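I opened the notebook today to go through one structure at my own pace. My entries follow, in the order I looked things up.

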Amino acid sequence: QVQLVESGGGLVQPGGSLRLSCAASGFTFSMLAMRWYRQAPGKEREMVAQISHSGGDRNYADSVKGRFIISRDNAKNTLYLQMNSLKPDDTAVYYCYTWQTSPDRDYWGQGTHVTVSA
């Protein structure tokens, strides 16, 4: 059974930093690409960052480029999102996500809340 469990969210002041973690189980973590998504109140869910199965390729949404870093530790089956220079607009629920093909399946974590406020 695939499980993705996020942690590390919380309240932080503008300009601060947080590191999110996503503990994965139930599948061969090192074989699948991973993504972080977020959903702000009243807005659609958006992709924040993606990392390839090996960690060699990373992509970011323009809104977080240069501030957020996605990484993974395949030995620990864990995905990370280092968030720096946080802004109030980064306030959202952050989700860990992966997918597989043949058969097509999507897997989501339960989300972790990030609030950026003075």
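Before looking for charges over rings, I fixed my cut-off: a charge sits over a ring if NZ of Lys or CZ of Arg is within 6 Å of the ring centre and within 35 degrees of the ring normal. I also noted that this is a predicted model.

**Entry 1: charges over rings.** With that rule in hand, I found Arg 45 over the face of Tyr 95, at 3.8 Å from the ring centre. I then found the charged end of Arg 72 over the ring of Phe 29, 4.3 Å from its centre.

**Entry 2: rings with rings.** How many aromatic pairs does the structure hold? I get six. I picked out Tyr 37 and Tyr 97, whose centres are 5.3 Å apart with 80° between the planes, an edge-to-face pair. This pair links distant parts of the chain, as Tyr 37 belongs to strand S4 and Tyr 97 to strand S9, 60 residues apart.

Are these two rings buried or exposed? Tyr 37 has a relative accessibility of 13%, so I count Tyr 37 as buried. Tyr 97 is buried too, at 8% relative accessible area. Ring pairs also join Tyr 37 and Tyr 97 with Tyr 95, Trp 99 and Trp 108 in a cluster. Tyr 95 is thus a name I meet twice, here in the cluster and earlier under Arg 45.

**Entry 3: the core.** I looked up the largest nonpolar core and found 29 residues in it. Those with the most contacts inside this core are Trp 36, Leu 79, Leu 81, Met 83 and Tyr 94. Strands that give two or more residues to the core include S3 (18–25), S4 (34–39), S8 (78–83) and S9 (92–100). S3 gives the most, with four residues.

I followed Met 83 further. Leaving out residues up to four places away in sequence, Met 83 touches Gly 16, Ser 17, Leu 18, Leu 20, Arg 67, Phe 68, Tyr 94 and Val 114.

**Entry 4: an open sheet.** In which order do the four strands of the open sheet stand? I read S1-S3-S8-S7, with antiparallel pairing. S1 and S7 are at the edges with a single partner strand each, so one side of each has no neighbour in the sheet. From one strand to the next, the twist averages 15°.

I ended with S1 (residues 3–7). Five bridges join S1 to the antiparallel S3. Across from Glu 6 I see Cys 22 of S3, and Ser 7 stands opposite Ser 21 in S3. The covered face of S1 holds Leu 4 and Glu 6, while Gln 3, Val 5 and Ser 7 make up the uncovered one.

How values were computed:
Residues numbered from 1 in each chain as written. Predicted model: local features only at pLDDT ≥ 70, side-chain atom pairs only at ≥ 80, totals over all residues. Heavy atoms only, no water. Core = buried A, V, L, I, M, F, W, Y, C linked by side-chain atoms within 4.5 Å. Buried < 20%, exposed > 50% of the residue type's maximum accessible area, 1.4 Å probe, protein only. Contact = heavy atoms within 4.5 Å. Pairing = 2+ DSSP bridges. Axes fitted to C-alpha atoms, helices over the stretch in contact; angles between N-to-C directions. Phe/Tyr/Trp six-rings, centres within 6.5 Å; stacked < 30°, edge-to-face > 60°.
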